[in-house]
Amino acid sequence: MRNNKFFLVLLLLVLAFVSCKKEHYDVTNVHGINAQGEVLLPIGSKTFTMMDMMERFQVDSLITCTDDGGLSFDYYYENYGVLSGDNLLRFDDLNYEEHYSAANPYTGTLPPYQDTVLSFQRTLVFQADHIEVLEAKMKSGCLNFTINSNVGVLRRVKLSTPDITDAEGNDFVMVFHPQSSSFGFNLEGLHYQTETPNSLTLSYELHCSYVPSLDPELYVDFKIEGIDLAFSEMTGYLEPYDSRNCLDTTFTLFPHNFSGVLDVRDVTMRISERNTFGVEGRLMVDTALIMGEGIAPYSIFDPMPLVVELPAQNEFVEVFNQNLDGKITPSGGAVFASSLFTVNTGGMEDLITVTDTSNLDVRVDVSLPFSFIINDVQYLDTVNLDIAELDLPDMIEKLTLELTFNSTLPIRLMGQFYMYDSEHEMITDTLIGEGRLIEASFDGRPTHTTISLDVTEGRMQNVLHSDRIIMQYVLDTEARDVKLNANQRLTLFVKAKAKYDTSVELE
């Protein structure tokens, strides 16, 4: 408030009035003017809508807002490959040892050096949980062989199998001229087919330069290592295949601004799945808990366990849709869930094909409408003041801060107000230490609440050195199930009302 400007205008008005009426008034003896009255100056204002709050609390990316302002908190959780064919078609490393022996026909004599050919056949059975493979395409893997023998020097190895063909369909035959007793070959790209599930028949032909030995027995020891063995596709029989999946996560609604408990209504929970295994699957949720500060853990579903059938489907399909009620803390909470996913629930009756890209994928969508029963939820906000506009001369008899609230929020607010000096980061004064009521708008019509605060002489400097009002609200819907809308708002006007009594001397 600039008193000089104010009284100059006032003086001009008085003089104009006197000059217009000079034939009726004698002003020669007027030496001054007494001025009394009140002036009301705006020093701050604040408006926020429900959508403003969402943006401020950085949750607007999760908020869906309809054309008419309807709000819902939408959250989804995706888990791709909760059960994966890539894991199903990957096998443990193979460690296989074979001992071949025969009586030495030259016992007691020292025959001359000669070439010796040893031929034999062995069948390997590899461990594969849940599947019996009849046909497959090799994705990766190598077989490494180590041979120890008293027969002689290994010159040539011929390895063949009727169970493997190459990319052109030719029978698999590998010939090695090893420089040592170890050799190997890569399985990638080969085709496997057998009449006996999970078996591999290998035929060996070893060419050795025989070294005479007086040992009564000739022997050859084989050690076979299979590394990184995996199929890209297999045809065979599949047992019910289970995979346990646990979810332990936290979620945030309104961080650092709210406390209390929200009773939520009609929360929509949808479960969608994509099952590309080509056979039926099943989801069984045996634990699903919501936890939060001041809220005892409670189960999302009732009854438990929740069992959902998952049909074979190449696109996401909804398999569960239910409305739930519960309690959450406004700041957020935690979710813990434990589920068992099963594929091929029918057992090993049908011949099926599984690829390493077969997956069981799950998506959980939660839509939380902004329709709450709110009780004892605390919210903090501020309004900036332009105290610099206040010029307080000696003429001020009384200064009052007037706070006017216009609200369309369906929430009753009990407010506490504090003066704050942001330069020194300190609260300078308590305007209202006990809650003052700001009326709710339950019927959709705006409500108006005015709070007047007298600034005493002892508190004057506290006000003048403040540039902000901190407002702490306690929210309450009075047990009403209210629906919040993006267009609902609260507007605050802060004004300084000064009562003055002074005189102006005229020269």
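Asp 228 is found in strand β12 of this predicted model, where its phi lies near 55°, a positive value in a residue other than glycine. Asp 228 is partly exposed, with a relative accessible area of 39%. A positive phi is also present at Asn 344, near 60° and again in a residue other than glycine; Asn 344, however, is found in the loop between β19 and β20 (352–355), and with a relative accessible area of 7% it is buried.

Two cis peptide bonds were identified in the loop between β16 and β17 (306–310), where both Pro 303 and Pro 305 are placed. One of these bonds runs from Asp 302 to Pro 303, with omega near 0°, and the other runs from Met 304 to Pro 305, likewise with omega near 0°.

With regard to the chain as a whole, 4 helices and 29 strands are assigned, and of the 507 residues 43% count as buried. Among contacts with a separation of 6 or more, 87% are accounted for by residues 24 or more positions apart. The mean pLDDT of the chain is 81, with 84% of the residues reaching 70 or more, whereas over residues 1–22 the pLDDT stays under 50, and for this segment the model has 25 contacts beyond four places in sequence.

The largest nonpolar core comprises 121 residues, and those with the most contacts inside it are Leu 206, Phe 231, Leu 401, Phe 417 and Tyr 473. Strand β12 gives the most to this core, with 8 residues. When neighbours within four places in sequence are left aside, Phe 231 is in contact with Leu 89, Phe 91, Phe 126, Val 133, Ala 136, Lys 137, Met 138, Lys 139, Tyr 192 and Asp 356, a set that thus includes the charged side chains of Lys 137, Lys 139 and Asp 356.

Phe 231 also belongs to the lining of the largest cavity, together with Phe 91, Leu 94, Leu 124, Phe 126, Met 138, Leu 143, Ile 164, Leu 187, Tyr 192, Leu 200 and Leu 229. The structure holds 4 cavities of 30 Å³ or more, and about 200 Å³ of space lies in the largest of them. The lining of this largest cavity has 12 nonpolar residues, with no polar and no charged residues, and β6 (131–149) and β12 (217–238) each supply at least two of its residues.

As for the open sites, about 750 Å³ of space lies in the largest pocket, which is lined by 35 residues, with Met 269, Ile 300, Val 335, Val 364 and Val 366 lying nearest its centre. By class, the lining of the largest pocket divides into 27 nonpolar, 7 polar and 1 charged residues. Among the strands that each supply at least two residues of this lining are β3 (71–84), β13 (241–252), β14 (261–275), β15 (281–292) and β16 (295–299), together with β18 (313–328), β19 (332–343) and β21 (359–369).

In the second largest pocket, about 200 Å³ of space is present, and the lining is formed by Asn 87, Leu 88, Arg 90, Phe 91, Asp 92, Gln 127, Ala 128, Asp 129, His 130 and Tyr 241. The residues of this lining fall into 4 nonpolar, 3 polar and 3 charged. Phe 91 accordingly recurs across the sites described, being listed in the lining of the second largest pocket, in the lining of the largest cavity and among the contacts of Phe 231.

Methods:
Residues numbered from 1 in each chain as written. Predicted model: local features only at pLDDT ≥ 70, side-chain atom pairs only at ≥ 80, totals over all residues. Heavy atoms only, no water. 1 Å grid on protein atoms, 1.4 Å probe; cavity = no way out; pocket = protein on both sides within 12 Å on 5 of 7 lines; lining within 4 Å. Points joined across faces, edges and corners; volume = space filled by probe spheres on them. Core = buried A, V, L, I, M, F, W, Y, C linked by side-chain atoms within 4.5 Å. Buried < 20%, exposed > 50% of the residue type's maximum accessible area, 1.4 Å probe, protein only. Contact = heavy atoms within 4.5 Å. pLDDT = per-residue confidence, 0-100.
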